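Got the viewer open? Let's take a walk through this one, one selection at a time.

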Amino acid sequence: MKAILSVVGKDNVGILAKVSNECAKFNANIEEVTQSVLNSYFVMVMIVNIDELKKDFVEFVDYMNEFGNSNNLNIHVMHEDIFNSMHKI
């Protein structure tokens, strides 16, 4: 299974590295990533494989949210099933 992880915050050095490192701690494998800086705001979307997570998905979601808050970032993680359901016509 996969999850969509989005990150938004004021641009500064190392955001991609920090978020990637936290994903690795949970064994969430980053399969695709796109990032951009829009008018001094860092914006990134990742597709992460969550088949081999070391902890429960909900724990991963909560941890990434808290990690984002402590780093002045908005990090949102959504399971691909929810994402697909929301975007089905």
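Which residue lies over the face of tyrosine 41? Select tyrosine 41 and look above the ring: lysine 10 is there, at 4.7 Å from the ring centre. Keep in mind as you click around that this is a predicted model.

**Stop one: helix H2**

Next, select residues 57–70, which make up helix H2. Its 14 residues reach 20 Å from the first C-alpha to the last, close to the 20 Å expected at 1.5 Å a residue. Start at the N-terminal end, where aspartate 56 acts as a cap: one of its side-chain oxygens lies 3.1 Å from the backbone nitrogen of valine 58.

Now colour Phe60, Met64, Phe67 and Gly68, which are buried. They cover an arc of only 100° around the axis, so they sit on the same side of H2. That spacing is what you'd expect: an α-helix has 3.6 residues a turn, so residues three or four places apart point the same way. Swing round to the other side of H2 and you'll find Val58, Glu66 and Ser70 exposed.

What covers the buried residues of H2? Show strand E1 (2–10), helix H1 (15–25) and strand E4 (73–79), which are included in that cover. Before leaving, step past the end of H2 to asparagine 72, whose phi is positive, near 55°.

**Stop two: the aromatics**

A search of the whole structure turns up three aromatic pairs. For one of them, select phenylalanine 26 and tyrosine 63: the ring centres are 5.1 Å apart and the planes are at 45°, so the pair is tilted. Phenylalanine 26 belongs to the loop between H1 and strand E2 (29–38), while tyrosine 63 is in helix H2, so the pair ties together parts that are 37 residues apart in sequence.

Buried or exposed, where does phenylalanine 26 fall? It is buried, with a relative accessible area of 9%. Tyrosine 63, at 32% relative accessibility, counts as partly exposed. Add Phe60 and Phe67 to the selection, and with Phe26 and Tyr63 you have one aromatic cluster.

**Stop three: helix H1**

Finally, move to H1 and pick out Ile15, Val19, Glu22 and Cys23, which are buried. These residues cover an arc of only 105° around the axis, which puts them on the same side of H1. To see what the buried residues of H1 pack against, show E1, E2, strand E3 (41–49), H2 and E4. Just after H1, click on asparagine 27: its phi is positive, about 65°.

Note on methods
Residues numbered from 1 in each chain as written. Predicted model: local features only at pLDDT ≥ 70, side-chain atom pairs only at ≥ 80, totals over all residues. Heavy atoms only, no water. Helix = DSSP H or I, 4+ residues; strand = E, 2+ residues; numbered from the N terminus. Expected span 1.5 Å × (residues − 1). Buried < 20%, exposed > 50% of the residue type's maximum accessible area, 1.4 Å probe, protein only. Arc of directions from axis to C-beta. Contact = heavy atoms within 4.5 Å. Polar contact = N/O pair within 3.5 Å; in protein donor to acceptor, adjacent residues only side chain to side chain. Phe/Tyr/Trp six-rings, centres within 6.5 Å; stacked < 30°, edge-to-face > 60°. Lys NZ or Arg CZ within 6 Å of the ring centre and 35° of its normal.
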